[in-house]
Each structure stands twice: as structure tokens, then as C-alpha cells.
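Here are my notes on the model you sent, set out as numbered points so that you can check each one against the coordinates. I begin with one pair of strands and work outwards from there.

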Amino acid sequence: MAGPGTPAIALLSKRKIAHSIHPYDVSPDAPNYGALVAAALGVAPDRVFKSLVTEVDGGLTVAVVPVTGELDLKALAAAMGGKRAVMADRAVAERATGYVRGGISPLGQRKRLPTVVDSSALAHPTVYVSAGRRGLQVQLTPTDLVTLTGAATASIAAA
């Protein structure tokens, strides 16, 4: 698509969900990437979330956690009613979502995967998630994020 269009942005527009697009320039290979993205956007790091594709008991699941934290795989498995969670293979994640690593959005995925959003998102008026391309974030309310993804909310970020 030309311009900033991605399936995530198309979904937000189609559903008439209030959002704003925020481009940034941070190398995807930079150490402490999440904190650098938050700094580039000029927002607190706990408002910027990353989408991680995982496997819970063999089924793909998306975990949405703050960029500065880590995913608690045991907490994710419990939130999904499963026994074991592991990070999904990069190629599997890219194929299932239709996005590339560093640009995986919880929105507008090729196949809508079960999603769990860390409950810390609910403490903010708006949050930032990938808009479906490296260097592009979308800001929306956590309620809209949960509704559009059909997500469960749980404490899945490692303390």
C-alpha cells in the first residue's frame, strides 16, 4: 500500500476507531529497542507495547506487553488455560500474522490469533502498538485494542 497504509490501519479506519499514527526512526537491531522507540515518540515507555507471537500448548497466541518488560511465559500459559508457553518461531509468526518481525501488530493480522494484553495497558488513557510496519506505531485506547483483538487481559509481563 502507498503511504502509511497497513492492514492494522485499514482495520481501524474501517471500524471508525479513533487513532493516530506515529512514525519513528530507530534501528530494529538497536539494543534496548523498546525504550528507544518510546523516547523517539516522546512518551513513557510503559505506554508502548510490543506484540509477541507465542505458542501455548502448540497453538499460536499473541502476547501484548510493555516494550521495556519481558513476557512471563508461565503467566501467559495460565491466562490461556494452558500448561506451557514458548516463543513462536520467527518464520511461523510472520506467516501467521502477515507482518515482519519488528512490525508485528496485534491488529489486522492475516489470521486473527488469540490475544492476551497485559493488564497494565488498562491504566493508561491511550497506548501505542505497532501499526504493522517497522518504524510506525498507532495510538489508541486500551479498550479499543482489547475489543478489536478480542483479547483477554491478564498480568503477563514479568516483574
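**Notes on the predicted model**

1. In this predicted model, strand β3, which covers residues 59-66, pairs with strand β5, residues 115-118, in the parallel sense over three bridges. Within this pairing, alanine 63 has valine 116 of β5 as its bridge partner, and valine 64 is bridged to valine 117 of β5.

2. Strand β5 also pairs with β8, and here again three bridges join two strands that run parallel. Valine 116, already named as the partner of alanine 63, stands opposite alanine 152 of β8.

3. Is strand β5 covered on one face or on both? Both faces are covered, since Thr115 and Val117 on one side are buried, as are Val116 and Asp118 on the other. This division fits the general pattern for a regular strand, in which side chains alternate between the two faces of the sheet. You may wish to note that an aspartate, Asp118, is among the buried residues of this strand.

4. These pairings belong to an open sheet of five strands, arranged in the order β4-β2-β3-β5-β8 and with mixed pairing. The edges are taken by β4 (85-87) and β8 (152-154), each of which has a single partner strand, so that one side of each remains without a neighbour in the sheet. On average, neighbouring strands of this sheet are turned by 35° against each other, if direction is ignored.

5. Helix α4, residues 90-97, has Ala93, Ala96 and Thr97 as buried residues. Viewed down the axis of α4, the buried residues fall within an arc of 85°, and they therefore line one face of the helix. The elements that cover these buried residues include β2 (49-56) and β3, and both of those strands are members of the sheet described in the previous point.

6. The two ends of α4 each deserve a comment. At the N-terminal end, aspartate 89 acts as a cap, with a side-chain oxygen that lies 3.1 Å from the backbone nitrogen of alanine 91. Just after the helix, glycine 98 takes a positive phi of about 85°.

7. A residue outside these elements is threonine 141, which lies in the loop between β7 (136-140) and α5 (142-149). Its relative accessibility is 28%, and threonine 141 therefore counts as partly exposed, given that the buried class ends at 20% and the exposed class begins over 50%. Leaving aside residues up to four places away in sequence, threonine 141 touches Pro125 and Thr126. Methionine 80, by contrast, is 61 residues away from threonine 141 in sequence, and the two C-alpha atoms are 23 Å apart in space.

8. Taken as a whole, the protein has five helices and eight strands, and from the N terminus on its elements run α-β-α-β-β-α-β-α-β-β-β-α-β. Its radius of gyration is 14 Å, close to the 15 Å that the globule rule gives for 159 residues, so the protein is as compact as a globular protein of that length. The C-alpha trace spans about 40 × 30 × 30 Å along its principal axes.

9. Two overall figures complete the picture. Buried residues make up 47% of the 159 residues in the protein. Among contacts between residues at least 6 apart in sequence, 62% join residues that are at least 24 apart.

Notes: Residues numbered from 1 in each chain as written. Predicted model: local features only at pLDDT ≥ 70, side-chain atom pairs only at ≥ 80, totals over all residues. Heavy atoms only, no water. Pairing = 2+ DSSP bridges. Helix = DSSP H or I, 4+ residues; strand = E, 2+ residues; numbered from the N terminus. Axes fitted to C-alpha atoms, helices over the stretch in contact; angles between N-to-C directions. Buried < 20%, exposed > 50% of the residue type's maximum accessible area, 1.4 Å probe, protein only. Arc of directions from axis to C-beta. Contact = heavy atoms within 4.5 Å. Polar contact = N/O pair within 3.5 Å; in protein donor to acceptor, adjacent residues only side chain to side chain. Rg over C-alpha atoms; globule rule 2.2 N^0.38 Å.
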